[in-house]
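Biologist: Could you take me through one part of this model up close? I'd love to hear how a pair of helices meets, and what surrounds that meeting.

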Amino acid sequence: MATTSKKNPVDTIFSFVTGAASFTVIVLIIAILYELVHESAPAIARFGIWKFLSSTDWNPVKESFGALTNIYGTILTTVLSLLMAIPVAIGIAVFVTEISPNFLKGPIGVAIELLAAIPSIIYGMWGLFTLSPIMSGYVEPFLKAIFEDVPVVGILFQGTPMGIDILTASIILSIMIIPFTASISRDSFNLTPAVVKESAYALGTTRWEVVRDIVIPYSKLGVFGGVVLSLGRALGETMAVAFVLGNNHRITTSLFDAAATITVTLANEFAEADNDIYLSSLFYLALVLFVMSFITLAIAKFFLLKAERKYSR
Amino acid sequence: MKVFFKVVLVLAVMLSFAQVEAAQTINGAGATFPYPVYGAWAFDYEKVTGVKLNYQSIGSGGGVRQITERTVDFGASDDPSQPDQLQKEKLFQFPAVIGGVVPVANLEGIKAGQLKLDSNTICKIFLGEIKIWNDDSIKKMNPGLKFPQGEITVVYRSDGSGTTAIYTHYLSETCPAWKEKVGEGKSVKYPVGIGGKGNEGVANYVKRTKNSIGYVEFAYAQQNKLGYAQLKNKAGNFVEPSFASFEDAAETGDFDAKKDFYLWLTNAPGKNSWPIAGATFILLAKEKTDSNKNVVKFYDWAFKNGDNKAKELIYVPLPKGLKDKIRAYWKANGLQ
């Protein structure tokens, strides 16, 4: 490695170019953050931080804006989609790493990756034209018939099933985040030392016991990181949700109600926002999402790094 | 070094093309509603004159912002700007084409054009005060019709749009309760209902949801064969949405060149006027004399040769009297 100390001009240029490329990313993030804060300054001055975050009023005509309905919709659809996606994703990961015969691993892996490669607008169109009629015609009336009269749970199933609602949006979101969670879980599962697994099998444990008592405890940090990463993706998803969520700025309790998320509001209203405080409030909303995503990503990174350090020794 | 020269050569070629193009391109941005007709006109215009029109349908709000910041040759907006606003931003304004907003309902057993409504009932339905189709005020207006049981589902536009602006302007103009509780604008806070994204979203929801009512641009009502309603106009007649009733609204509308044609066509006084019509407008920067002349040349050509194309796409061309007024306005301001 002594040659690197003798500065070769090509080497210098190379390290400069790559360094500049990496540095650009940092500059970009700071520039975006600055721009968001700068553009939302009038809204921050007018509505404050707490009042903006806690107000449910979103009324462009009266120029009164609050983010709570958007934050509520964002968190609700995200959490619901995670609840649906995690079991499926972990199931896929377990099957691929522990159970599936070798010849099936390839096709399943490719299928998952293809799922991740479908553009979100296509999910949106599919959701609006295919999934939503199925939901309003069959799935939701069925759920309503079963659960409507059950106390407490029944609250979730009130109203006319329209197919354009929180439930449909969450299902689409869950399909979109399954590939992320599944592939990260699969990679984490693969980190489990083979020796430990083989010892367990030698002791006569079943597959279920190996997965439950060895693979999952070994990889839970990694899986958790994957989950939080898909949470970040679900938070920011726009087009797929915009088609089936209805952009309704109200806080609702039923899964059959329309709602709004931050990204959906931005996509729907940005182009026609014609007065300054309206535009500024939309930037403010984007800033809120930026902070939310940043925190989620930081948590995910923290756990993934911890997992890596623990098992890569 | 060879590579370097190649890069320079490629760049030079690209730049030279860019310059040639810049000389023959009109850049515009704004409303999505007239985009198909501007596109069709531009296609024909380029064939005849070689001048290209590059129109980006980013929304009316964006169109106004872009021309205010002078980044385009013209802006387009469904939402007319007030004369004092235009004065302040140093802009010219004139209408280009007319459209109409149509209430559409999905009612079993009731065909398109059979349902009759007036502004008061529509207003109450969209406020959530009338909840069922069997409401007395609706039944009284439609003696021959049998309405289905069940609650009304209101469908509105979830994204900001000129369609909503025209529709809510009509409701605010005719219904004091609406003006007080909701108001008008490109996005408003609807008290009831679900939101569909774009005209196609609303059309899709209405088509699929029984007992629903929504509002779309006329073209979408026709293309999707939705059950549009007849409306009672200012003169007290029930009219169907059609080229004739939109044109009638445009003719009786008092477009005034002194006010830069600032006018809402809603609730027009004509005997056969459709009450929810609206014009879409073009905005020009006052000091950009050269590019303005190019834009005006394009619209002058379109006014002369584009009527059939517009009708094919279910837009209503401006009536002749209004076109003459606009030409006079161009002359008076040195645009032609």
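Modeller: Happy to! A term to start with: a crossing is called right-handed if the near helix is turned clockwise from the far one by less than a right angle, and left-handed if anticlockwise. Please keep in mind that this is a predicted model. In chain A, helix H5 (residues 120-147) and helix H6 (residues 166-190) have axes that come within 9 Å and cross at roughly 130°. That angle is why H5(A) counts as oblique to H6(A). The crossing in which H5(A) passes H6(A) is right-handed.

Now for the residues that meet there. H5(A) brings Ser120(A), Tyr123(A), Gly127(A), Leu131(A), Ser132(A), Met135(A) and Glu140(A), while H6(A) answers with Leu167(A), Thr168(A), Ile171(A), Ile172(A) and Met176(A). By character, this contact holds 7 nonpolar, 4 polar and 1 charged residues.

Ile172(A) leads us onward: in the largest nonpolar core, which has 172 residues, Ile172(A) is among those that touch the most other members, along with Val241(A), Leu245(A), Val104(B), Ala250(B), Ala277(B) and Ile282(B). H6(A) is also the element that gives the most to this core, with 14 residues.

From that list, let's follow Val104(B) into chain B. Leaving aside residues up to four places away in sequence, Val104(B) touches Val206(B), Gly214(B), Tyr215(B), Val216(B), Ala221(B), Leu226(B), Gly227(B) and Tyr228(B).

Note on methods
Residues numbered from 1 in each chain as written. Chains lettered and ligands numbered in written order. Predicted model: local features only at pLDDT ≥ 70, side-chain atom pairs only at ≥ 80, totals over all residues. Axes fitted to C-alpha atoms, helices over the stretch in contact; angles between N-to-C directions. Helix = DSSP H or I, 4+ residues; strand = E, 2+ residues; numbered from the N terminus. Parallel < 35°, antiparallel > 145°, perpendicular 65-115°, else oblique. Contact = placed C-beta atoms within 7 Å. Nonpolar A, V, L, I, M, F, W, Y, C, P; charged D, E, K, R; others polar. Core = buried A, V, L, I, M, F, W, Y, C linked by C-beta atoms within 7 Å. Buried ≥ 20, exposed ≤ 12 C-beta atoms within 10 Å, placed from the backbone.
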